[in-house]
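Q: I am new to this structure and would like a close look at a single part of it. Please take me through the side of one chain that meets its partner.

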Amino acid sequence: MDPRSTALPTKEIKNTDPPLWVAWHQALASIRVRFVRQAVTCLGVALGIAFFASIQLLREAQAASAEPQDAARLKWLVATSLVMCLVGVTNSMLMSVAERYREIGTIKCLGASDGFIVKVFCIEAALLGLIGSVGGSLIGAGLMSIVLAIDGSSAGWEGFLKVVGLGTLVGVLMTIVAAIAPAIQAARMPAAAALRVEV
Amino acid sequence: MADVVVRTTNVVKVYGMGEAEVRALNGVSCEIYRGEYVSIMGPSGSGKSTLFNMIGGLDKPDEGSVFVNSVDIAQLTARELAFLRCHTIGYIFQTFNLITVRTALENVTLPMLFAGMQPDEADERGMMLLDLVGLQNRYHHRPNELSGGQQQRVAIARALANNPSIVLADEPTGNLDLRTGKEIIELLRRLNKEQGVTIISATHDLKMLDASDRIFHIRDGQLAKIETREELTLQVGSVQGED
């Protein structure tokens, strides 16, 4: 058989995804090279999570003493901070996918499956989310601890760590959720359409 | 040259709807043989890039069929299309379209990794291909550290990564100066002769004519005429005005 003949061997088609480290390297390269752009995305995540963490720490500190009315107000504030955070993160992720339609189209031309593209964006989002939310929760919870200390109250180390853990978890999940929809949409685009997009 | 690599039958592609409907391709049927160098020529908006996209499996026709190596592209699932693009077709673009965050070598090896090649093997082949296009010394440079001509050479090496049946080049010299454009055409021609790669190029660069075995003229979404190089030589100076 002519070695150049490349009629599709159907049995191999099922296994066309490259190993995960290829996606990992692509995501890392993207973060490294677009460092400033990605740092801004990270900062967006961090700010949202910092707000969430600070309110959450306040709740922890006042859990025992707060009046029912205050507790309800704090819950409302936490919910607001979460919504704010989600909007900010989604916006950052939408932008980060939209400005890379052409790169997505090109990678598709090279033979990447839709799944590979989604994987790259999810890894990237998870990494940015992790850095942003660890930083954000430490800043938010830290600042609120100082404010509480001035007032003579505290949530304790346990409360602090709990809030940082929760903030990180919420942040990472939120970033992945925010990235996954635009990534899937971009990956499903016909390659020609993705290449045509001008941003 | 009876071995057909690409066959299109009555391909129609429509963009927009209703009043704004544009038939970018209106019944194009053609055959391209293995080892050929074909140029698709035509004015802007004539449908040559659309035909390029159809043959490359980047878009699906609204009517008619496109066969690449006897496989009907319209029947393939997304995953099978990815497989086809990875193994059978190499792409070269007017704007080079290298992955900006990866080095020249990584750009060339990426399609090999998609094809399941081991990293060491891919690096070795990548260096061999960069050597082939004369860029082995710049393998660790990122695209923004390379000139336009060098970027296009990397793109050509990348297009050859998985030893494709066809290399599709969409205006490969469009963003290059005259001399660099000529070098790229010579390189493509050399690869076509020495490696037997089938090259299909959408272009309105007249320099490309001399390298081509056949020239497809597209006008208003239809194949107006097909010329061979022999016919062309007779006409030089008379018909070959810029469209």
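A: What follows describes the side of chain B that touches chain A.

This is a predicted model, in which local features need pLDDT (the predictor's confidence in each residue, from 0 to 100) of at least 70 and side-chain atom pairs count only at pLDDT 80 or more, while totals for chains, interfaces and linings use all residues. Residues are numbered from 1 along each chain as its sequence is written, chains are lettered from A and ligands numbered from 1 in the order in which they are written, and side-chain values use heavy atoms, with hydrogens and water left out.

Chain B averages a pLDDT of 88, and 95% of its residues score at least 70. In chain B, 38 residues are in contact (heavy atoms within 4.5 Å) with 37 residues of chain A. The area buried between the two chains, which is the accessible area (1.4 Å probe) lost on being put together, summed over both, is about 3,400 Å², and carbon and sulfur atoms give 61% of that area. Arg79(B), Phe83(B) and Phe114(B) lose the most area to chain A in chain B, together 23% of what that side buries.

Helices here are DSSP runs (H or I, at least four residues), numbered from the N terminus. Both α2 (78–87) and α3 (104–114) of chain B supply at least two residues each to the side that touches chain A, and α2(B) gives the largest share, nine residues.

Between chain B and chain A the count of salt bridges (a side-chain nitrogen of Lys or Arg within 4 Å of a carboxyl oxygen of Asp or Glu) is zero.
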